[in-house]
Amino acid sequence: MDFTHLLVQQLINGVSLGSIYALIALGYTMIYGIIKLINFAHGDIYMVGAYIGFFAITQAGMSIVPALLVSMVVTGLLGMVVEKLAYKPLRHAPRISILITAIGVSFFLEYTSMYFVTPTPRTFPAVIDNISFNLGSFVINGQQLMILGITVLLMAILTFIVQKTKTGKAMRAASFDTETAQLMGIDSDRIISLTFCIGSALAAAAGVLVGIYYNTIDPLMGIMPGLKAFVAAVLGGIGILPGAVAGGIILGIIEALVSGFLSSTFRDAAAFAILILVLLVKPSGLFGKNTREKV
Amino acid sequence: MNFKKKAWKLASLAIGTMLMGSMLAGCGDQAASSDEIVIGSNFELTGNQANYGNACNEGLKLAIKEANDAGGINGKKIKLVEADTKSEAAESVNSATKLISDDKVKVIVGPAVTANVIAESQVATDNKVPVIAPAATNPDVTVENGTVKPFIFRSCFIDPQQGTVMATFAAKDLNAKTAVMYIDSSSDYSKSLGKVFKETFEAAGGKVVMEEAFLAKDQDFKAALTKLKTANADVMFVPAYYEEVGKIVKQARELGITATILGTDGWDDPKVIDIAGADALNNTYFSTHYFEQDEEAKPFIEAYKKEYNKNPNVFAALGYDAGKMLIDALKRAGADDPEALRKAIEGIKDLQVGTAKVTVDKNHNPIKGAVILETRNGERMMKTKIAPEQ
């Protein structure tokens, strides 16, 4: 393989890895956009979603689409419960308290799941045939395309909800100023609850798709992707939906190029160096504007 | 306040009485009659490592039963006292102390897990009680800061030895000239195996042309694999644990890497086949301690099946090997002089145990053959057995 070939193959690898980061980053960024909370438990919600999908397929014998929907609904409800129990009582507390609570929720989900499902990794059943396309000497995998497609689709749906519907308008209003929104007759609590529901459902979708793509799930699977998705969200401009997708894909490509042309040992270092660089140079991210408009 | 003081007094009195009671009990009985040899088994019988500990213990008990049925050691029967480490390092020290001071054992077999053996080794060394650990593969178990711990032995080969075995296999049996390595840089196991593989393979005339690394828990290996593919090597060495191995093999085959993939006992789990898929695992080999279709292990397997009505796993086999080594040493040195017994274990040479022939080397590690298994269409089969050169 000559250099151009190698470069194209690494770009394909990068986009496929990046679309997974993007999928998780969408939920991250959406929750941040509304209540300015960096929800560190997001990666673990994603793990719970993967397990619910796993049990729906193996125990209840569902096929992929119903399993995906069940997982999204149940995990969405879980997100609402987490918000109600852990974050709502801290709505007026300092930002740092709620951040620390999010870390606590993250550990709680990890180790409670470990208790119930054991730390042993599970093998996800192959519910979708994996077709590899060989274009010349490039290899593209059907599942990679599916994940990328679903990410873009979900991003479009979310953007539509946030920009074009009444609920979306309420979300943007609550994000702008929760109390004034409340005075205008918007039920902020309900809107925040709904945001968590949608964000968590997105994480669940990501969890099930990743389970199918990589074949295994385990209770600590959410930690690294959660952090990487956070980097992706910051890179694209946290709170901005298309930014999350762009950030995720850029991060994936950078990781693939670093592994492919420098050394795989530097891969994670590169990812987190990007986080530091973005925070130093352009804290509002690639898509961030100076106006304080969120979502 | 007054009440509190009283409570304290009462509590300390109660504790004192209990302590004295237990000490008295410790002194009283257990004076072993002179026509038996008391040895201790210190294994993870409960807790999350109980799978390993119980299997080892069953293997050990089988070896001792066979020795006793055959007339014992120079006329003396072996008496086995069992203790439970509860799968914790701290508890392993307690149970070893109990075996040594209460039960007056002459030698301890166990525990199974490396960390527990390392925890136990100090108290055993202080009391001059030899230990044979069946399954602790970490080099640090018998050697500390470059010095060999005089009383600590094991019956399994150490991690790096598999690097030697697989490099020899690649160079001699597969006639490989070039190799690439994909190492888990978060694991000492993987790194030490990679180092030894490279040394042996290059000494045998081959060349390691590229090395890449990943971290445990990684999901996506395609970028590094795409790079490794460009090296076009004859073999790819992946010394890692089954979860990552399954994904690496799957993704490597998806990217069109057709080279032979080699691994070590971290691969020895049926889940690898679930994760990677049967097709991807064709043309892969890994080394491990024991395989149930190994002809050399057949007498042990038959005896174990007869005793326990089930197939022995690798831990049972290693526990049995530890028992066999111990019995050989006891026959030559008896159990009265710990120094003589220790030397006798050191002197084990070409001893046929359950899984292989064993010679103890200067670092107290047995030199014994490793089996190399091939996976073909989702089935494992024995390819060959390689003993490293001494």
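How many residues lie between strand 16 and strand 17 of chain B in the hairpin that they form? The hairpin has two residues between its strands, and B:N377 in the turn has a positive phi of about 50°. Helices (H or I, at least four residues) and strands (E, at least two) are DSSP runs, numbered from the N terminus. The model is a predicted one: local features need pLDDT of at least 70, side-chain atom pairs count only at pLDDT 80 or more, and totals for chains, interfaces and linings use all residues. Residues are numbered from 1 along each chain as its sequence is written, while chains are lettered from A and ligands numbered from 1 in the order in which they are written.

The hairpin strands span residues 370-376 and 379-386 of chain B. Their pairing is antiparallel, over seven bridges. Strands count as paired if DSSP finds at least two bridges between them. B:T375 has B:R380 of strand 17 as its bridge partner. B:N377 sits in the loop between the two strands. B:N377 is not a glycine, yet its phi is positive. It counts as exposed, with 9 C-beta neighbours inside 10 Å. A residue is buried if 20 or more other C-beta atoms lie within 10 Å of its own, exposed if 12 or fewer, and partly exposed in between, with C-beta atoms placed from the backbone.

Chain A has 11 helices and four strands. Its radius of gyration is 19 Å, close to the 19 Å that the globule rule gives for 295 residues, so chain A is as compact as a globular protein of that length. This radius is taken over C-alpha atoms, and the globule rule is 2.2 Å times the number of residues to the power 0.38. The C-alpha atoms of chain A fill a box of roughly 65 × 50 × 35 Å along the principal axes. Buried residues make up 49% of the chain A total of 295. Of the chain A contacts with a separation of 6 or more, 77% join residues 24 or more positions apart. A contact requires C-beta atoms, placed from the backbone, within 7 Å.

Chain B has 12 helices and 17 strands. Its radius of gyration is 24 Å, which agrees with the value near 21 Å for a compact globule of 390 residues. The C-alpha trace of chain B spans about 75 × 65 × 40 Å along its principal axes. Buried residues account for 52% of chain B. Chain B is assigned domain 1 (36-157 + 295-368) and domain 2 (160-288). These bounds come from an automatic or database domain assignment. The two domain centres, taken over C-alpha atoms, are 32 Å apart.

An open sheet of five strands in chain B has the order 2-1-3-4-7, with parallel pairing. Strand 2 (77-84) and strand 7 (152-154) are the edge strands, each pairing on one side only. Strand 1 (residues 36-43) and strand 3 (residues 108-109) of chain B pair over two bridges. B:S41 is partnered by B:V109 of strand 3. The peptide bond from B:G110 to B:P111 is cis, with omega near -5°. B:P111 lies in the loop between strand 3 and helix 4 (114-126) of chain B.

B:E58 belongs to helix 2 (residues 50-69) of chain B. B:E58 is buried, with 20 other C-beta atoms within 10 Å. Beyond residues up to four places away in sequence, B:E58 touches B:Y308, B:A316 and B:G319. B:E58 and B:F315 are 257 residues apart in sequence, but their C-alpha atoms are 9.1 Å apart.

The largest nonpolar core has 206 residues, and A:L26, A:A205 and B:M236 have the most contacts inside it. Helix 8 (residues 188-214) of chain A gives the largest share, 17 residues. Each of the two domains of chain B supplies at least three residues. Such a core is a set of buried Ala, Val, Leu, Ile, Met, Phe, Trp, Tyr and Cys residues joined through C-beta atoms within 7 Å. Outside four places in sequence, the contacts of A:L26 include A:L154, A:L202 and A:V245.

Between the chains, 22 residues of chain A are in contact with 22 residues of chain B. Helix 1 of chain A supplies the largest share of the chain A side, five residues.

Technical notes. Contact = placed C-beta atoms within 7 Å.
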